[in-house]
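Here's a quick walk through what holds this fold together, from ring pairs to salt bridges. Have a look at the chain before reading on.

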Amino acid sequence: MLRTIIAVLLLVASINGASAQLTTTDIGVGGFGAGSGSYVGPGDLTLSTNLRFWVGFRAYSLATAGTNAVGLQRTAGTATCYSTPTQTTCPIKSLSSGAFDTASAASFCSGTTCTVARIYDQTGNNACPAAGGPCDATSGDAVYSATACNGFPGAVLTSPASILIAGFEGTTQPLTVVTVAKRTAVIGGGAYSPILVQPGTGSSAGLYFDTNANRLITYAGSISSFVSETDGTLYSIAGILAATSFIDLNGTRTSVGSIGSTGFPLGNLLIGFSIFGSWTGVLCEIGLVEAQSSNADTIALYNNQHSSYGYGNY
């Protein structure tokens with residue numbers, strides 16, 4: 001009997017010791033849908049060490065909760081923006097929980113449609129000096145929806161809508177594009193559908209939806225092999241531009257081969273549109289990591305996104 005009691009006590013102690021070493025930051029959980037406890041955002045994860053910019057419809061981190069997240073613009077008339085009356089634009093904040101302030105957005109957009117005028121870069125890295133510092137994403141044709149991201153807020157893009165990140169400082173491979181997005185329609189003409197690219201040349205490196213339905217690719221001078229997805233479904237996607245390219249879909253890593261060495265030189269970046277084509281779908285958040293993110297890091301980010309939103313087919 002005494003031996004049994006001792007064995008049980010040792011087992012409990014070992015479990016407690018193991019759990020003490022495993023934090024929400026390590027596994028990525030703790031988003032605003034995760035129950036009790038402090039909010040954990042992408043900026044609280046290990047991956048954030050090399051994250052140059054990030055924009056989205058929630059707080060980047062616990063430290064940025066309660067700050068500006070998305071600037072909305074009314075398509076007609078004016079409304080009160082928090083306590084300031086007769087405004088056509090309004091910077092909507094995240095809440096202390098990390099969630100987007102949908103109540104204030106609904107009040108400001110009442111009676112009309114709102115477009116997504118600006119998504120604020122919350123990293124504080126100022127990686128777009130030519131545009132004033134932060135890599136804020138701007139648009140005049142992406143439409144705000146309170147339910148676009150599996151019942152949570154996001155930007156709806158209808159081809160040829162686009163979102164611009166101006167004046168990026170430039171960087172080289174290896175890179176990782178991290179996003180939550182879905183394509184809802186394949187645009188005619190066999191066009192590649194850019195998730196994040198540098199426009200203006202025939203060698204626009206980046207992460208794309210393929211010309212065919214239900215596929216993702218990377219490109220940096222050569223086209224990768226594809227990873228299957230389901231159009232109309234929201235995914236956590238990480239596209240790695242490196243000597244060997246990978247696409248991580250909901251945390252599952254697939255090697256997609258050699259794609260060339262092109263990075264993102266100094267200049268603008270586009271979401272949703274390039275010389276290759278455009279797409280119709282939804283964007284919830286997107287960022288750029290100046291490193292080849294490990295699969296452990298992209299799994300942690302996927303867990304974080306999942307615990308916040310319950311995206312798609314998770």
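Phe 53 is buried in this predicted model, with a relative accessibility of 0%. Its ring partner is Phe 168, and the two meet edge-to-face, at 5.8 Å centre to centre with 80° between the planes. Phe 53 belongs to strand β1 (residues 51–56) and Phe 168 to strand β10 (residues 163–168), so this pair ties together parts that are 115 residues apart in sequence. Phe 168 is buried too, since its relative accessibility is 0%.

That pair is one of eight aromatic pairs in the structure. Another brings Tyr 192 together with Tyr 208: the ring centres are 6.2 Å apart and the planes stand at 75°, so this one is also edge-to-face. Tyr 192 sits in the loop between β11 (175–185) and β12 (193–197), while Tyr 208 is in strand β13 (residues 206–209), so the pair links parts 16 residues apart in sequence. How buried or exposed are these two? Tyr 192 is partly exposed, at 23% relative accessible area, whereas Tyr 208 is buried at 1%. Elsewhere, ring pairs join Phe 57, Phe 100 and Tyr 144 into a cluster.

Rings also take part in contacts with charges. The charged end of Arg 215 sits over the ring of Phe 226, 3.6 Å from its centre. Likewise, Arg 253 places its charged end over the ring of Phe 246, at 5.1 Å from the centre.

Now for the salt bridges, of which a search of the whole structure finds eight. Three of them are listed here.

| Pair | Closest N to O |
|---|---|
| Arg 52 – Glu 169 | 2.9 Å |
| Arg 52 – Glu 290 | 3.4 Å |
| Arg 183 – Glu 229 | 3.9 Å |

Arg 52 shows up twice, and together with Glu 169 and Glu 290 it makes a network of salt bridges. Arg 52 lies in strand β1 and Glu 169 in the loop between β10 and β11, so their bridge ties together parts 117 residues apart in sequence. Glu 290 comes from the loop between β22 (280–289) and α4 (295–309), so its bridge to Arg 52 in β1 spans 238 residues of sequence. Within this network, Arg 52 counts as buried at 18% relative accessibility, whereas Glu 169 is partly exposed at 30% and Glu 290 is partly exposed at 27%.

The bridge between Arg 183 and Glu 229 is a buried affair: Arg 183 has 0% relative accessibility, and Glu 229 has a relative accessible area of 5%. Arg 183 is in strand β11 and Glu 229 in the loop between β15 (227–228) and β16 (235–241), so the pair connects parts 46 residues apart in sequence.

What about strand β2 (residues 68–74)? Five of its seven residues are buried, so β2 is largely enclosed by the rest of the structure. It runs antiparallel to strand β5 (residues 89–93), with five bridges joining them; in that pairing, Gly 71 has Pro 91 as its bridge partner. β2 also pairs in the antiparallel sense with strand β6 (residues 114–119), again over five bridges, and there Arg 74 stands opposite Cys 114.

Stepping back, the chain has four helices and 22 strands. Of its 314 residues, 51% count as buried. Among contacts between residues at least 6 apart in sequence, 67% join residues at least 24 apart. The chain exposes about 12,300 Å², and carbon and sulfur atoms supply 55% of that.

How values were computed
Residues are numbered from 1 along each chain as its sequence is written. This is a predicted model: local features need pLDDT of at least 70, side-chain atom pairs count only at pLDDT 80 or more; totals for chains, interfaces and linings use all residues. Side-chain values use heavy atoms; hydrogens and water are left out. Buried means under 20% relative accessible area, exposed over 50%, partly exposed in between (1.4 Å probe, protein chains only). Helices (H or I, at least four residues) and strands (E, at least two) are DSSP runs, numbered from the N terminus. Two strands pair if DSSP finds at least two bridges between them. Rings of Phe, Tyr and Trp (its six-membered ring) pair if their centres lie within 6.5 Å; planes under 30 degrees apart count as stacked, over 60 as edge-to-face and the rest as tilted. A charge sits over a ring if NZ of Lys or CZ of Arg is within 6 Å of the ring centre and within 35 degrees of the ring normal. Contact means heavy atoms within 4.5 Å. Accessible areas come from the Shrake-Rupley method with a 1.4 Å probe; for residues, only the protein chains shown count as cover. A salt bridge is a side-chain nitrogen of Lys or Arg within 4 Å of a carboxyl oxygen of Asp or Glu.
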